[in-house]
Amino acid sequence: MLELIAPFFPGLTASGIATLLFATFLGGLVRGFTGFGFAMVFMPLASVVLGPVAALGLIWVIDVPFALPLAARSAKRAEWREVVPLLIAATLTLPIGLTLLVWLDQTTMRWLLSSLVLATVALLASGWRYHGQPGIPLSLGVGALSGLCNGLASIGGMPLAVFWLGAQRNDRHKTRANMQTYFGLGTIVSGTILWIKGILGVAALMMALPLFLIYGAGLWIGTHAFRLASEQTFRRIAYMTIFLSAIAGLPLWDALLGR
């Protein structure tokens, strides 16, 4: 199978292509199950193979055909008074994150990426919950942080995970709808900025072509598994999958694995 799709991934080894296939499927599974988490799974692993900048462009191309329909279906259930301020603030800080992405070296970015993901999972798994109704200042602050993380490594879902998964008031259906609506709208904004910055290109599109089917399969399985999961199972699976992906992407293992 790898020989058939190798021309879509020029310069990559068989193990590198296999890593991208695995990261895409696992990320799609988490995204379908939770409504977020594709980048938090995909980026630590794909950055090892491609580097953070190329991985950022690839993740956008893979996700865009799926993010928009998911957002359209989830929009009726979303809390728009929370989604809109978040999106506005994220749009303003996304270019700052992209500037940092280009400026920092790849190893530093991978350490930063995995550390941010691990810190987020630790906070969520600790049982911390936000009590109360968020006001506009809090929503704007979370949105600004989301935009910064999105530009850095397409992990804008991390602050949102803390904001919505850690919210006592939201059940898993509301959380998932908010996430999918936000990401669908954010995809349009981020794609425009990525194109202007020259991060999107033919190479990303070529690599994405064989990954669409893998991602779609993961999304489908994750979406159907979500209907069977309890609230507790929902959170545990999301946290564990993201945690393991972040650990695997640490530069700490480079010498051991010869990468």
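From the N terminus on, the elements of the protein chain run α-α-α-α-α-α-α-α-α-α-α-α-α. The count comes to 13 helices and zero strands. The model is a predicted one. The protein chain has 259 residues, and buried residues make up 53% of them. Contacts reach far along the sequence. Among those between residues at least 6 apart, 80% join residues at least 24 apart.

The nonpolar interior was examined next. The largest nonpolar core has 67 residues. Helix 3, residues 38–50, gives the most to this core, with nine residues. Phe42 and Tyr182 are the residues with the most contacts inside the core. In soluble globular proteins, nonpolar side chains tend to be buried together.

Tyr182 is buried, because its relative accessible area of 5% falls under the 20% limit. Beyond its sequence neighbours up to four places away, Tyr182 touches Val83, Leu86, Leu87, Ala90, Ser146, Leu160 and Trp164. One of these partners, Trp164, lies in helix 8, residues 157–165. Trp164 has a relative accessible area of 0%, so this residue too is buried. Trp164 and Glu82 are 82 residues apart in sequence, yet their C-alpha atoms are 9.9 Å apart in space.

Aromatic rings were then searched across the whole structure. Four aromatic pairs were found. Phe66 and Tyr215 form one of them, with 5.0 Å centre to centre and 90 degrees between the planes. This geometry is edge-to-face. The pair links distant parts of the chain, 149 residues apart. Phe66 sits in helix 4, residues 52–74, and Tyr215 in helix 11, residues 211–226. The two partners differ in exposure. Phe66 has 22% relative accessibility and therefore counts as partly exposed. Tyr215, at 0%, counts as buried.

A second edge-to-face pair joins Tyr182 and Phe183. Here the ring centres are 5.6 Å apart, and the planes make 75 degrees. Phe183 also counts as buried, because its 18% relative accessibility is under 20%. Ring pairs also build a cluster, linking Phe38, Phe42, Phe66 and Tyr215. Phe42 thus appears both in this cluster and among the residues with the most contacts inside the largest nonpolar core.

Helix 11, which holds Tyr215, was considered in more detail. Its 16 residues should span 22 Å at 1.5 Å a residue. The end C-alpha atoms of helix 11 are 22 Å apart, so expectation and model agree. The buried residues of helix 11 are Leu211, Ile214, Tyr215, Gly218, Leu219, Gly222, Thr223 and Phe226. Seen down the axis of helix 11, these buried residues fall within an arc of 160 degrees, so they line one face of the helix. An α-helix has 3.6 residues a turn, so residues three or four places apart point the same way. The face of helix 11 turned away from the buried side carries the exposed residues Leu213 and Trp220.

Two buried hydroxyl residues were also placed. Ser74 belongs to helix 4. Its 7% relative accessibility is why Ser74 counts as buried. The side chain of Ser74 reaches the backbone oxygen of Leu70 at 2.9 Å. Leaving aside residues up to four places away in sequence, Ser74 touches Ala177, Gln180 and Thr181.

Thr187 lies in helix 9, residues 172–196. Thr187 is buried, with a relative accessible area of 6%. With residues up to four places away in sequence left out, Thr187 touches Trp60, Asp63, Val64 and Ala67.

Leu92 offers a contrast in exposure. Leu92 is part of helix 5, residues 80–103. The relative accessible area of Leu92 is 64%, so this leucine is exposed. Leu92 and Ala144 are 52 residues apart in sequence, and 7.1 Å separates them in space, C-alpha to C-alpha.

Technical notes: Residues numbered from 1 in each chain as written. Predicted model: local features only at pLDDT ≥ 70, side-chain atom pairs only at ≥ 80, totals over all residues. Heavy atoms only, no water. Phe/Tyr/Trp six-rings, centres within 6.5 Å; stacked < 30°, edge-to-face > 60°. Helix = DSSP H or I, 4+ residues; strand = E, 2+ residues; numbered from the N terminus. Buried < 20%, exposed > 50% of the residue type's maximum accessible area, 1.4 Å probe, protein only. Polar contact = N/O pair within 3.5 Å; in protein donor to acceptor, adjacent residues only side chain to side chain. Contact = heavy atoms within 4.5 Å. Expected span 1.5 Å × (residues − 1). Arc of directions from axis to C-beta. Core = buried A, V, L, I, M, F, W, Y, C linked by side-chain atoms within 4.5 Å.
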